[in-house]
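Please look over the sequence and the structure shown here before reading on. The paragraphs below are meant to be read with both in view.

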Amino acid sequence: MSLVASAGGHSYLHAGKGFSIPKPKRYKLGPRAALVEASPRVNGSPSPMSMQLLPSGRAEDLQAEARALARAVGASVYSPELLSSKYGSRPVKAVKRTLEILVGLGFFAFKLFLDQKNGTSDQNKRKRAAELRTIFTRLGPTFVKLGQGLSTRPDLCPPEYLEELSQLQDSLPTFPDADAFLCIETELGLPLDSIFSAVSPAPIAAASLGQVYKARLKNSGQTVAVKVQRPGIEETIGLDFYLIRGLGFFINKYVDIITTDVVALVDEFARRVYQELNYVQEGQNARKFKMLYADKEDILVPDIFWDYTSGKVLTMEWVDGVKLNEQAAIERQGLKVLDLVTTGIQCSLRQLLEYGYFHADPHPGNLLATPEGKLAFLDFGMMSETPEEARFAIIGHVVHMVNRDYEAMARDYYALDFLSTDVDVSPIVPALRDFFDDALSYTVSELNFKTIVDGLGAVLYQYPFNVPPYYALILRSLTVLEGLALYADPNFKVLAASYPYFAKRLLTDPNPYLRDALIELLFKDGRFRWNRLENLLVQGSKDRDFSAKDALQPVLKLLLGPDGEDLRALVIKEAVRVTEAVILGSVVDTYNSVPSFMRTLMFNGNGPLAMSSAELQSMMELRGQVFRIWGLLRSSESFDPALLQPILQVLQQPEARSLGGRVVGGITQRLAARLLQQVLRMPSAPTSS
């Protein structure tokens, strides 16, 4: 069995038939931290009064969480003012660390200068990116985190640097077990042997911010993962962020080529890293993530043991599993990597576009395949949120991309917060057209997501874009998942796996923005594109949550609403075409079923309809598409004839009766015209001499 645990952003594999855990050593302690009962609402925890209204198990869990919050009340919070006050009075320490950083980064900058002078910048770009990754690793935890953050910013780094920095791994040595066990006792206020009946003799995972032990709870016998924070980590990253922020002030003042507020970027990133140092916050992140996304049976999120969690100690359910990038080990368990990757893609899309709360540190080590075939998520230290407006704008952006409406795509960047509203997007349109015209020459199933991201990243790098962290992180997430899938199937495309979700949202979501996007997708130049609707239904039905009922009613409400007159005019025209195709198609079917000698007598061999073969073929194709669409709706597992009853009720409204009358009038006119053509075409009866 393979065992994986996550520590401070990276996971490590420990293999073996089992684990032997000796009784932990005891360490002499000073005064232990007292356990404090937190009665008021603390950082989102409910009050005792609200707990009384909950089931006893849930109330006890919330009370334990409140106690954990009380233990973490002194957790560090990023404050530039406090850092300035602390390290401004310690110049020797600051100067020493500054020299370490300058030696590493200064030599790298000198190489870049030589590349520029010799005209070899492009040739050496990949090499320099790899060197920067090595330098960040050597400079320690802050720069490792900084490099990981830069790997999600295509507006700041060229593609070669993005790829190298995304491979950045923590490679710091473990710290002494004695320090870790002392930290557990100090933080929890209990002797180690009163909490655990067994603890692994050495950490099974280690990273920049902490290390993980495998243990067994004494009171329940349950196996858990215990993450312990690295001693002195706050001091290390505090000094580094103080110095980096000072560099940011220098860049803002003297480097005109960089238009982004570097100090603001440093502050935002530092706040995220400091949040990772509060393990109670990480536990709350895991709880929220589990509540939102573990309702699906194929998603697993470990439980948190709040009684044994504090600001520097996190105790959670142990998860047996295999890292998602270990295909052979996964297949030995009888599982398929592609199934797990597809599950990950669907979950990522829900995170981004439904609730907007998502895992901000996606990489193979944080995604495990369990023996039961579930996809387990680990490490919730860094989370992010997608603004509600941006969630709908992203889906609209996909619609504009499919329609090749590059002007609308460029305008989407306002809603996505890529550009300030005073930026003229017209120069960006040709760059989008040049790239996407080539990329979209493939079908959706052929599009490679990494190619799209790299190409879009090149466009973003050339223009004054400011990519929000949420967007960069989700791109990275989907790129990582596609990369994992490509090991198992070189032909796998993440966009093809994502499209059913987008199709379902477009067809079923009543949000006005998405309804407008659906109309934009289905209508062009006053004509309804039945092939697009058929494709949406085919793709949407692949999503397990697709409902034919949800797909029908929102469209009707939009059509018959007070603002639907323009749409009604288009629908009337299309309804006339469809009805004519169905009626005349039935006439053709009847004609074809009649014996040939009777056809000759009745129509003199000219056929039943006065139309060209091309027009007849087009009409029959339209009828076929409509019948196939109806078949798709009926084949949906959620289809029930009773769902048509609300539609019939809607059709009783005055607007619907008026719409129906206009459709009938249009059909009558078309059929009358067809009949007149037929009469005029028929030959006259021969006269006697």
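What follows is a walk through a predicted model, from a sheet and a helix that crosses it to a pair of helices and then to some individual residues.

A convenient starting point is the open sheet of 4 strands, whose order is β7-β12-β11-β9 and whose pairing is mixed. At its edges are β7, residues 299-300, and β9, residues 322-323, each of which pairs on one side only. As background, the strands of a sheet pair through backbone hydrogen bonds, and they may do so in either a parallel or an antiparallel sense. In this sheet, β9 and β11, the latter covering residues 367-369, pair in the antiparallel sense over 2 bridges, and Lys323 has Leu368 in β11 as its bridge partner. Helix α14, residues 337-355, lies across β7, β11 and β12, and the helix runs at about 45 degrees to β12.

The next element pair consists of helix α15, residues 388-402, and helix α20, residues 494-508, which pack with their axes 11 Å apart and at an angle of about 105 degrees. Because angles of 65 to 115 degrees count as roughly perpendicular, α15 is described as roughly perpendicular to α20. On the α15 side the contact is made by Phe392, Ile395, Val398 and Val399, while α20 contributes Phe502, Arg505 and Leu506. Sorted by character, the residues of this contact comprise 6 that are nonpolar, none that are polar and 1 that is charged.

Two aspartates in loops deserve a careful look at their backbone. Asp379 sits in the loop between β12, residues 375-377, and β13, residues 383-385, and its phi is near 65 degrees, a positive value in a residue other than glycine. Asp417 likewise has a phi near 65 degrees, positive although the residue is not glycine, and its place is in the loop between α16, residues 406-415, and α17, residues 428-439. Which of the two terms, buried or exposed, applies to Asp379, and which to Asp417? Asp379 counts as buried because its relative accessibility is 4%, whereas Asp417, at 53%, counts as exposed.

A further charged residue to inspect is Lys227, which belongs to strand β6, residues 223-229. With a relative accessible area of 5%, Lys227 is buried, since the cut-off for that term is under 20%. The side chain of Lys227 is joined to the side chain of Glu282 by a polar contact of 3.1 Å.

Definitions and conventions: Residues are numbered from 1 along each chain as its sequence is written. This is a predicted model: local features need pLDDT of at least 70, side-chain atom pairs count only at pLDDT 80 or more; totals for chains, interfaces and linings use all residues. Side-chain values use heavy atoms; hydrogens and water are left out. Buried means under 20% relative accessible area, exposed over 50%, partly exposed in between (1.4 Å probe, protein chains only). Axes are lines fitted to C-alpha atoms, for helices over the stretch in contact, and angles run from 0 to 180 degrees between N-to-C directions. Angles under 35 degrees count as roughly parallel, over 145 as roughly antiparallel, 65 to 115 as roughly perpendicular and the rest as oblique. Contact means heavy atoms within 4.5 Å. Ala, Val, Leu, Ile, Met, Phe, Trp, Tyr, Cys and Pro count as nonpolar, Asp, Glu, Lys and Arg as charged, and the others, Gly among them, as polar. Two strands pair if DSSP finds at least two bridges between them. A polar contact is a pair of N or O atoms within 3.5 Å; within protein, one must be able to donate a hydrogen and the other to accept it, and residues adjacent in sequence count only if both atoms are side-chain atoms.
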